[in-house]
Amino acid sequence: ATNGPARLLWETDRPTSAVIEWGAGEAPDQRAELPANASRVRAFDPPGLKPDTVYRYRVTVTDGTETLASPLFTFRTAPPPGAPVVFAAISDTEARPHVNAHVGNLVWRETPQFVINAGDLTDGGKAPHRAEWTHEYLPALAPLMARVPVLPVMGNGEDDVVWYDRYHDTDGPEASYYAWRWGDVEVFTLDSNLEVRDRTDPGFRARQTAWLRGALAASTARWKVATFHHPPLPEQYAKVTEDLMPLLESAGVDLVLVGAHDSSLRSWPGVANSRAARGPIVVQLGNGGGNVSGRAAAPDPRWAKTYQGFGYAMVRIHGDRLEFAMHDDAGALRDRFDIVKPAAPR
């Protein structure tokens, strides 16, 4: 993900040179060459891109002996303010690449403009477990990632940042929190591994909170979405609730997308987990591949809707209306709601 028009990111198993072809027509009509260097992860920002335009691109790499070319992929640049925005959201892709691939295919059929993955991208993909990235997560979701931006959220499954940072290009003061604007929507992606990060990187919690306060104050987006991994449940994640929710509530954030517990839950509109009719709706996105959580032992009145199973969400925004739909792994609708804002002043 990047706040520029587009950035292509790829990795090879050895140093290579690369040729990037792109264009807005049926066939790419522009070309750039990158000479080989010591890095196997490469990035390229195609210059001269226009807003709200479909581009086709291909990346061809060679080590001088062997040549490998990607298929001809497409991507679309961000729309102008006022245009409809459609995005998908998943979480906890974890350790079942066959489920990841299936859910990714369902998401792609909905043709979202971007995708949020709310953490635990891998099951435990820290430094010693690179294969969880190269042999599970990335191959399973590559067809989707090659076509739409995917906004990663730091989960506890990858909270040492090693491979998370290598395989994502986030535009923020630190790798695991950043803001991303797309048309009328701004997404605030946060790191809810607060105790771990403060222990390994003293002061992280305070830095992120200060950044979030400033980013929310500076935002001019009509719609604001926040996403982080751990749900704001004070009895389980007190620091998450304490650090993040008051700022999101006071800034008028509309929707909070979380993961961690592998089932789908949707709150009432509320403040600090009360049932007050104000504040953002919190959605636990459920499960894109990890072990499905069992149902709660007793009803929890904070949740308006629950579902146990694999699935994904679609969010459609146009003007003053946000439409949310949650689908299971057969594509069936399991939940939906709308948020309607007062008309914007003219």
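Let me begin with overall size: for 346 residues, a compact globule would be expected to have a radius of gyration near 20 Å, and the protein comes out at 20 Å, so the two agree. I should say at once that what we are looking at is a predicted model, and that the values I quote are computed from it. Along the principal axes, the C-alpha atoms fill a box of roughly 65 × 50 × 45 Å, and the secondary structure within the protein amounts to six helices and 20 strands.

Staying with the whole chain for a moment, buried residues account for 51% of the 346, while the surface that the protein exposes comes to about 15,000 Å², of which carbon and sulfur atoms supply 53%. If we take the contacts between residues at least 6 apart in sequence, 68% of them join residues that are at least 24 apart.

Let me turn now to helix α1, which runs over residues 97-109. Its 13 residues reach 18 Å from the first C-alpha to the last, close to the 18 Å expected at 1.5 Å a residue. Which residues of α1 are buried? They are Val-99, Asn-100, Val-103, Gly-104, Leu-106 and Val-107, and because they cover an arc of only 160 degrees around the axis, they lie on the same side of α1. The general background is that an α-helix has 3.6 residues a turn, so residues three or four places apart point the same way. On the other side of α1 we find His-98 and Arg-109, which are exposed.

What do the buried residues of α1 pack against? Their partners are the strands β8 (85-90), β9 (114-117), β18 (311-318) and β19 (321-328), together with helix α2 (131-145). After α1 comes Thr-111, a residue whose phi is positive, near 50 degrees.

The next residue I would like to show is His-229, which sits in the loop between β13 (223-227) and α6. Is His-229 buried or exposed? With a relative accessible area of 0%, His-229 is buried, since the cut-off for that class is under 20%. Its side chain reaches the backbone oxygen of Ala-118 at 2.8 Å, and the side chain of His-229 also makes a polar contact with the side chain of Asp-120, at 3.3 Å. Leaving aside residues up to four places away in sequence, His-229 touches a list of residues that includes Asp-92, Gly-119, Val-153, Met-154, Asn-156, Ser-192 and Val-258.

Moving on to helix α6 itself, residues 238-250, we come to Asp-243. Asp-243 has 9% relative accessibility and therefore counts as buried. The side chain of Asp-243 makes a polar contact with the side chain of Arg-205, at 2.7 Å, and, again not counting residues up to four places away in sequence, Asp-243 touches Leu-194 and Thr-209 as well as Arg-205.

Finally, a residue in another loop: Pro-47 is found between β4 (41-44) and β5 (54-62). At 46% relative accessibility, Pro-47 counts as partly exposed, because that class lies between the 20% and 50% cut-offs. Its C-alpha atom is separated by 10.0 Å from that of Ala-32, with the two residues 15 apart along the chain.

Methods. Residues numbered from 1 in each chain as written. Predicted model: local features only at pLDDT ≥ 70, side-chain atom pairs only at ≥ 80, totals over all residues. Heavy atoms only, no water. Helix = DSSP H or I, 4+ residues; strand = E, 2+ residues; numbered from the N terminus. Expected span 1.5 Å × (residues − 1). Buried < 20%, exposed > 50% of the residue type's maximum accessible area, 1.4 Å probe, protein only. Arc of directions from axis to C-beta. Contact = heavy atoms within 4.5 Å. Rg over C-alpha atoms; globule rule 2.2 N^0.38 Å. Areas by Shrake-Rupley, 256 points an atom, 1.4 Å probe, with all protein chains shown as cover. Polar contact = N/O pair within 3.5 Å; in protein donor to acceptor, adjacent residues only side chain to side chain.
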